[in-house]
Amino acid sequence: LNPLWNGVTKEALACGVPVVAISVDGVFKRYKYGFLLPSDVRIAAYLFNEILSEPDELSHMGMIGRSFIEALCSWDTIIRWLERIYYNLIEWRCIR
């Protein structure tokens with residue numbers, strides 16, 4: 001996952017729940033804070049049932065996801081990011 005993903009994913013992580021989505025390339029992938037399921041409905045349903053059978057693991061993934069999103073999307077992080085953009089624009093303007 002990268003910082004440009006949609007808000008639904010960020011909201012799920014902020015709520016402390018693991019993210020489960022369908023993989024574009026159709027391959028099952030396991031991440032620290034969620035899963036990508038294949039697009040085949042039968043396989044996805046089987047894997048989803050397997051995922052649900054591990055509530056402790058899901059809870060742990062949710063905590064990791066929450067910590068990740070708090071660090072990535074905190075106001076301090078966003079302000080530092082915006083400051084860098086503004087300073088770069090000012091520097092670029094001064095060079096021209």
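These legends accompany close-up views of a predicted model. Residues are numbered from 1 along each chain as its sequence is written, and side-chain values use heavy atoms, leaving out hydrogens and water. Because the model is predicted, local features need pLDDT of at least 70 and side-chain atom pairs count only at pLDDT 80 or more, while totals for chains, interfaces and linings use all residues.

**View 1. The whole chain: four helices and three strands.** Helices (H or I, at least four residues) and strands (E, at least two) are DSSP runs, numbered from the N terminus. From the N terminus, the order is α-β-β-β-α-α-α. The C-alpha trace spans about 60 × 25 × 15 Å along its principal axes. The radius of gyration is 18 Å, against near 12 Å for a compact globule of 96 residues. That radius is taken over C-alpha atoms, and the globule rule is 2.2 Å times the number of residues to the power 0.38. The protein chain exposes about 7400 Å², and carbon and sulfur atoms supply 62% of this area. Accessible areas come from the Shrake-Rupley method with a 1.4 Å probe; for residues, only the protein chains shown count as cover. Of the 96 residues, 20% count as buried. Buried means under 20% relative accessible area, exposed over 50%, and partly exposed in between (1.4 Å probe, protein chains only). Among contacts between residues at least 6 apart in sequence, 42% join residues at least 24 apart. Contact means heavy atoms within 4.5 Å.

**View 2. The largest nonpolar core, with seven residues.** A nonpolar core is a set of buried Ala, Val, Leu, Ile, Met, Phe, Trp, Tyr and Cys residues joined through side-chain atoms within 4.5 Å. The members are Phe 35, Leu 37, Ala 44, Leu 47, Ile 51, Leu 58 and Met 61. Elements giving two or more residues to this core are β3, α2 (41-52) and α3. Helix α2 gives the largest share, three residues. In soluble globular proteins, nonpolar side chains tend to be buried together.

**View 3. Phe 28 and Phe 35, a stacked aromatic pair.** Rings of Phe, Tyr and Trp (its six-membered ring) pair if their centres lie within 6.5 Å; planes under 30 degrees apart count as stacked, over 60 as edge-to-face and the rest as tilted. By this rule the count is two aromatic pairs. In one of them, the rings of Phe 28 and Phe 35 lie 6.0 Å apart, centre to centre, with 25 degrees between the planes. Phe 28 is partly exposed, at 34% relative accessible area. Phe 35 is buried, at 3%.

**View 4. Tyr 33 and Phe 68, another stacked aromatic pair.** Their ring centres are 4.9 Å apart, and the planes differ by 20 degrees. Tyr 33 lies in the loop between β2 (29-31) and β3 (34-37), and Phe 68 in helix α3 (residues 55-73), so the pair ties together parts that are 35 residues apart in sequence. Tyr 33 is buried, with a relative accessible area of 8%. Phe 68 is partly exposed, at 27%. Tyr 33 and Val 17 are 16 residues apart in sequence; their C-alpha atoms are 8.1 Å apart.

**View 5. Pro 18 and Met 61, with their contacts.** Pro 18 sits in the loop between α1 (7-14) and β1 (19-22). Not counting residues up to four places away in sequence, Pro 18 touches Tyr 33, Gly 34, Leu 58, Met 61 and Gly 62. Leaving aside neighbours within four places in sequence, Met 61 is in contact with Pro 18, Arg 30, Tyr 31, Lys 32, Tyr 33, Gly 34 and Phe 35. Pro 18 and Ser 74 are 56 residues apart along the chain, with 19 Å between their C-alpha atoms.

**View 6. Cys 15 and Cys 73, each in no disulfide.** A disulfide is a pair of cysteine sulfur atoms within 2.5 Å. A search of the whole structure finds zero disulfides. For Cys 15, the nearest cysteine sulfur is that of Cys 73, 13 Å away. Cys 15 is exposed, at 62% relative accessibility. Cys 73 is partly exposed, with a relative accessible area of 30%.

**View 7. Asn 49 in helix α2.** Asn 49 is exposed, at 51% relative accessible area. Asn 49 and Asp 76 are 27 residues apart in sequence and 39 Å apart in space, C-alpha to C-alpha.
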